Amino acid sequence: MGMKPKVLAANWKMNTDLQQGMKLAADINNKVNASGVEPHARIILGVPFIHLSEIAKIMDYRRFSLAAQNCAECDSGAYTGEVSAEMIKSTGAHYVIIGHSERRHIFKESYESLQNKVDVCLKNALRPIFCCGETLDDRKKEMHKKVVEEQLKASFFHVNEEYLMRSIIAYEPVWAIGTGETATPEQAQEMHEWIRTLLRDHYKNSNVDDVPILYGGSVKPGNASDLFKQQDINGGLVGGASLKAESFMSILKAF
Ligand code: PEP
């Protein structure tokens with residue numbers, strides 16, 4: 001078996017203006033380079049669209065990649081206000097977060113729309129960070145496995161094996177996002193193992209252990225290492241704690 005892939009991805013959401021974002025990115029860049037931590041971890045910063053090209057200029061690209069937090073589902077044309085995958089690619093970004101629960105719930109993004117976004121992203125040589133996760137209600141009804149299976153089957157499992165290997169999956173229980181409540185390492189591992197099993201069943205010829213599955217939901221310096229130790233957890237997608245260089249660095253050191 002190869003080495004377990006390790007990825008730490010930040011999701012800044014709709015925070016920081018351009019100047020604040022540049023400062024935060026520069027701070028993270030300097031701290032990571034000065035510390036020499038975990039050279040095998042891929043670090044991805046998911047920043048607002050308008051920050052992408054500016055931040056791309058100042059990051060050490062050997063250590064960092066940038067992600068957009070969404071993309072249009074069509075290629076180009078009369079879609080006022082949308083940002084296409086091609087545009088994102090041209091900024092120097094390599095990833096797009098797709099299907100974040102805030103996009104699913106607040107902006108009502110459908111399974112079909114997310115499927116299109118995955119496609120348009122891969123077609124433009126961008127890598128999707130595909131998010132899935134159940135609500136508290138789903139969990140109370142013991143539907144969490146079923147819901148995540150449905151989300152993956154509806155919008156992601158149509159990609160071929162080559163594209164699978166370019167992708168990242170993020171398991172983010174909705175009840176743990178921005179709430180301060182984290183899934184226990186055991187709860188998270190159970191779901192990651194389930195996702196790995198679904199991948200193994202569907203992509204029989206691929207080494208699904210090489211597909212990073214990230215946990216997201218109130219990851220903090222204090223809980224990251226117990227989560228990252230789990231067999232099927234390859235790192236985190238971090239919201240709140242990624243907005244301070246110090247806490248993001250502490251999470252990186254937890255690998
Ligand atoms: C997220 O936005 O993907 C997330 C997990 O947020 P937080 O870490 O703040 O819960």
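## Two buried cysteines

C132 is buried, with a relative accessible area of 3%, and C131 is likewise buried, its relative accessible area being 1%. These values, like the others in this report, were computed from a predicted model.

A search of the whole structure finds 0 disulfides. C131 takes part in no disulfide, since the nearest cysteine sulfur, belonging to C132, is 7.5 Å away, and a disulfide would require the two sulfur atoms to be within 2.5 Å. The statement holds in the other direction too: C132 is in no disulfide, and the cysteine sulfur nearest to it is that of C131, at 7.5 Å.

## The ligand and its surroundings

The ligand occupies the space of the second largest pocket. Around the ligand there are 14 residues, of which K13, E172, G178, S218 and G240 come nearest. When the residues of this shell are sorted by character, 4 are nonpolar, 8 are polar and 2 are charged.

## Polar contacts and coverage

Oxygen atoms of the ligand meet both backbone and side-chain atoms of the protein. On the backbone side, an N or O atom of S218 lies 2.8 Å from a ligand oxygen atom, and a polar backbone atom of G239 is 2.8 Å from an oxygen atom of the ligand. On the side-chain side, an N or O atom of H100 is found 2.9 Å from an oxygen atom of the ligand. As for the extent of enclosure, the ligand on its own has 290 Å² of accessible area, and the protein covers 95% of that area.

Note on methods
Residues are numbered from 1 along each chain as its sequence is written. This is a predicted model: local features need pLDDT of at least 70, side-chain atom pairs count only at pLDDT 80 or more; totals for chains, interfaces and linings use all residues. Side-chain values use heavy atoms; hydrogens and water are left out. A residue is near a molecule or strand if one of its heavy atoms lies within 4 Å of it. A polar contact is a pair of N or O atoms within 3.5 Å; within protein, one must be able to donate a hydrogen and the other to accept it, and residues adjacent in sequence count only if both atoms are side-chain atoms. Accessible areas come from the Shrake-Rupley method with a 1.4 Å probe; for residues, only the protein chains shown count as cover. On a 1 Å grid over the protein atoms alone, a cavity is a set of points where a 1.4 Å probe fits but cannot get out, and a pocket is an open set with protein on both sides within 12 Å along at least five of seven lines; lining residues have an atom within 4 Å of a point. A molecule sits in a cavity or pocket if more than half of its atoms lie within 2 Å of its grid points. Ala, Val, Leu, Ile, Met, Phe, Trp, Tyr, Cys and Pro count as nonpolar, Asp, Glu, Lys and Arg as charged, and the others, Gly among them, as polar. Buried means under 20% relative accessible area, exposed over 50%, partly exposed in between (1.4 Å probe, protein chains only).
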